[in-house]
Amino acid sequence: MSYLIMVAMVFSKKMSRLPKSTLRLLETAISGVTDPTFCIGMLFSLFAWHVKDHYLYSINYHHCGASKTWFGMPSDATLKFEKVVKEHVYANDILSVNGEDGAFDMRLGKTTLFPPNILLEHDVPVLKAIQKLREFVITFPMSYHTGFSHGFNCDEAMNFAFGDWFPLGVIASLHFAHLNRVPFIPHEQQGEAVNFAIGDCSLEFFIFLKKKFRVEN
């Protein structure tokens, strides 16, 4: 078992620096983003509804112990999820600012807990998975998820990104700017990632940039 843990940790520490990873261009390590986080769980310990910082991909490896239950939703249901949470979970007096920026700020705290049936009642699709020993769970950008442990366990998690992530990173950075929050990934280093992203992205990527920044021909 200790050998398997060592192999998985070595693999995850290198994952963000692989040739196809956008995060390899970051100059400094970021705990939990470019470097893995080791998580200890116990019976009914849980993690709140959230998406990964800057809408990154994430990977979680279950080293040992009891299983975990995950609830998640497809990325294309993100706007419906956020609308339901804003209208049926949050009260206006707990938001730092009004509107979606306030709700986004609240979700950044990763303290939002509510049962999945609230989403189902408002036609937001919810998926369930049981993660067992030595299994991986991968979450996609803008895919909200939550879950809990069935008992004592040890997991390891980190983020990664491909070229298709860059437009989503721009959107997340705009949210940070509106809330006067410092982004986890510096804007100038995201800019340096453009050249890398261009090689991996389709025509839709350029259309997005043109609309977002109103680039003239």
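How many helices and how many strands does the chain have? The chain of this predicted model has eight helices and eight strands. Of its 217 residues, 47% are buried. Among the contacts in the chain with a separation of 6 or more, 83% are made by residues 24 or more positions apart.

## The two sheets

Strands of a sheet pair through backbone hydrogen bonds, either parallel or antiparallel. One open sheet of four strands follows the order β1-β8-β3-β6, and its pairing is antiparallel. At its edges are β1 (37-41) and β6 (136-139), each of which pairs on one side only. From one strand to the next, the twist averages 25°.

Within this sheet, strand β3 (residues 57-65) and β6 run antiparallel and are joined by four bridges. Ser58 has Thr139 of β6 as its bridge partner, and Tyr61 has Phe136 of β6. The side chains of β6 alternate along the strand. Val137 and Thr139 point to one face and are buried, whereas Phe136 and Ile138 point to the other face and are not buried.

A further open sheet of four strands has the order β2-β7-β4-β5, again with antiparallel pairing. Its edges are formed by β2 (46-50) and β5 (127-131); each has a single partner strand, so one side of each is left without a neighbour in the sheet. Neighbouring strands of this sheet are turned by 15° against each other on average, with direction ignored. Here β4 and β5 run antiparallel and are joined by five bridges. Phe71 stands opposite Lys128 in β5.

## Salt bridges

How many salt bridges does the count come to? The count comes to two salt bridges, and both are set out in the table.

| Residues joined | N to O distance |
|---|---|
| Asp155 and Lys68 | 2.7 Å |
| Lys83 and Glu87 | 3.1 Å |

The side chains of Asp155 and Lys68 meet in a salt bridge. This pair links distant parts of the chain, with Asp155 in strand β8 (residues 153-160) and Lys68 in strand β4 (residues 68-72), 87 residues apart. Are these two residues buried or exposed? A residue counts as buried when its relative accessible area is under 20%. Asp155 has a relative accessibility of 1% and therefore counts as buried. Lys68, at 7% relative accessibility, also counts as buried.

The side chains of Lys83 and Glu87 form the other salt bridge. Both residues lie in helix α2 (residues 78-88), four residues apart, which is about one turn of the helix. An α-helix has 3.6 residues a turn, so residues three or four places apart point the same way. Lys83 is partly exposed, with a relative accessible area of 49%. Glu87 is likewise partly exposed, with a relative accessible area of 47%.

## The nonpolar cores

The largest nonpolar core has 17 residues. Those with the most contacts inside this core are Trp49, Phe81, Phe114, Leu119, Val124 and Tyr144. Two elements, α2 and α4 (117-121), give two or more residues to this core. Which element provides the largest share of this core? The largest share comes from α2, with three residues.

Phe114 shows how residues come together here. When its neighbours within four places in sequence are left aside, Phe114 is in contact with Trp49, Phe81, Val85, Val89 and Leu119. Apart from the largest core lies another core, of eight residues, among them Leu26, Val33, Ala161 and Ile185.

## Helix α5

Helix α5 (residues 166-178) has 13 residues. From its first C-alpha to its last, α5 reaches 19 Å, close to the 18 Å expected at 1.5 Å a residue. Which residues of α5 are buried? They are Phe166, Pro167, Gly169, Val170, Ala172, Ser173, His175 and Phe176. After α5 comes Asn180, whose phi is positive, near 55°.

Definitions and conventions: Residues numbered from 1 in each chain as written. Predicted model: local features only at pLDDT ≥ 70, side-chain atom pairs only at ≥ 80, totals over all residues. Heavy atoms only, no water. Salt bridge = Lys/Arg side-chain N within 4 Å of Asp/Glu carboxyl O. Buried < 20%, exposed > 50% of the residue type's maximum accessible area, 1.4 Å probe, protein only. Expected span 1.5 Å × (residues − 1). Pairing = 2+ DSSP bridges. Axes fitted to C-alpha atoms, helices over the stretch in contact; angles between N-to-C directions. Core = buried A, V, L, I, M, F, W, Y, C linked by side-chain atoms within 4.5 Å. Contact = heavy atoms within 4.5 Å.
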